[in-house]
Amino acid sequence: MGNLRRHSNSWPKIFGAGPGNPEYLTLKLVKELATAKKVIATERILRMIRPYTRAELIELDENEKFYAMIKSVGDEEGTYLLSTGDPMIAGLGKFFSNSQIEPGISSIQRCASLIHEPLIDSVLLSTRYGKNYDKIKLALEIGLGVFILPEPNLNVGQTARKLMSYIGSTVEMSVCLDLTLESQRIYRGSIMDLMNIDDNGLKVIFIKPPHI
């Protein structure tokens, strides 16, 4: 049996920083940023939290240096690593099993709220690296909706066409883009309806099970 109490004093602390709008930062994170010594995050998050901290800000590379930077994060007191959205939803939490992890508001939650689809009746999959497409059909066949964190380089139409090869063209889907930002927008329709849309951004996709 593990002792979870030790996590409260472990560094670095891992916090979710929400989907991109400072209004979605948690009050707990804002309080912690006031006394933080070092904050590591992507450029987009650092730009957002700069008004709330005097800490040293270190930009996390999102490309080839990402994993090397994650492995090199030290355990100095006052060090915070911020994850987009929630650290345990395709975030940084999985890399820090001994650290205190605090949740953030995820774009998945925001998308579910906007399209009125309950998370409790759905599964969450990431196809970010071209994996898990085969699991979407399995979930739909047992009546579950599917929230997807899709491949970022594919636009709406390209994503729809790739999904069509796994689940057909008549399934209904919603594409939530740039959630909580001024450019937020949502496309809804069948896969056939969306397959020619040349638009891209920070995406969350929901696929509705056919029998509902």
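**View 1. T53 and its backbone partners in a loop of this predicted model.** At 13% relative accessibility, T53 counts as buried, because the limit for that label is under 20%. The residue sits in the loop that runs between helix α2 (43–49) and strand β3 (56–59). Have a look at the side chain, which has two backbone partners to inspect here. One of its polar atoms lies 2.8 Å from the backbone oxygen of L33. The side chain of T53 also reaches the backbone nitrogen of A55, at 3.0 Å. Setting aside residues up to four places away in sequence, T53 touches L33 and A36. L33 is thus worth keeping on display, as a contact of T53 and as the owner of that backbone oxygen.

**View 2. N155 in the loop between β7 and α6.** Is N155 buried or exposed? With a relative accessibility of 12%, N155 counts as buried. Its side chain reaches the backbone nitrogen of G157 at 3.1 Å, and the backbone nitrogen of Q158 at 2.7 Å. Once neighbours within four places in sequence are left aside, the contacts of N155 are I197, D198, D199 and N200. If you are setting up this view yourself, show the side chain of N155 together with the backbone of G157 and of Q158, then add residues I197, D198, D199 and N200.

**View 3. The two sides of helix α5 (residues 133–141).** Y133, I136, A139 and L140 are the buried residues in this helix. Looking down the axis of α5, you will find them within an arc of 100°, so they line one face of the helix. The general geometry helps here: an α-helix has 3.6 residues a turn, so residues three or four places apart point the same way. Which elements help cover the buried residues of α5? The cover includes strands β6 (122–126), β7 (145–149) and β10 (203–207), along with helix α6 (156–167). On the other side of α5, D134, L138 and E141 are exposed. After the helix comes G143, whose phi is positive, near 90°.

**View 4. D134, an exposed residue of α5.** D134 has its place in helix α5 and is exposed, with a relative accessible area of 53%. It shares the exposed side of the helix with L138 and E141. For a sense of scale, try E182 as a second marker: D134 and E182 are 48 residues apart in sequence, and their C-alpha atoms are 34 Å apart in space.

**View 5. Where domain 1 meets domain 2.** The domain assignment splits the chain into domain 1 (13–105) and domain 2 (108–207). Taken over C-alpha atoms, the centres of the two domains are separated by 26 Å. Each side brings 10 residues to the contact. About 730 Å² is buried between domain 1 and domain 2, and carbon and sulfur atoms give 64% of that area. In domain 1, P19, Y24 and I89 lose the most area to domain 2, together 48% of what that side buries. How many salt bridges cross the interface of domain 1 and domain 2? The rule finds zero. For polar contact across this interface, the rule finds one residue pair, with both residues at pLDDT 80 or more.

Terms used:
Residues are numbered from 1 along each chain as its sequence is written. This is a predicted model: local features need pLDDT of at least 70, side-chain atom pairs count only at pLDDT 80 or more; totals for chains, interfaces and linings use all residues. Side-chain values use heavy atoms; hydrogens and water are left out. Buried means under 20% relative accessible area, exposed over 50%, partly exposed in between (1.4 Å probe, protein chains only). Helices (H or I, at least four residues) and strands (E, at least two) are DSSP runs, numbered from the N terminus. The arc is that of the directions from the helix axis to the C-beta atoms. Contact means heavy atoms within 4.5 Å. Domain bounds come from an automatic or database domain assignment. Buried area is the accessible area (1.4 Å probe) that two parts lose on being put together, summed over both. A salt bridge is a side-chain nitrogen of Lys or Arg within 4 Å of a carboxyl oxygen of Asp or Glu. A polar contact is a pair of N or O atoms within 3.5 Å; within protein, one must be able to donate a hydrogen and the other to accept it, and residues adjacent in sequence count only if both atoms are side-chain atoms.
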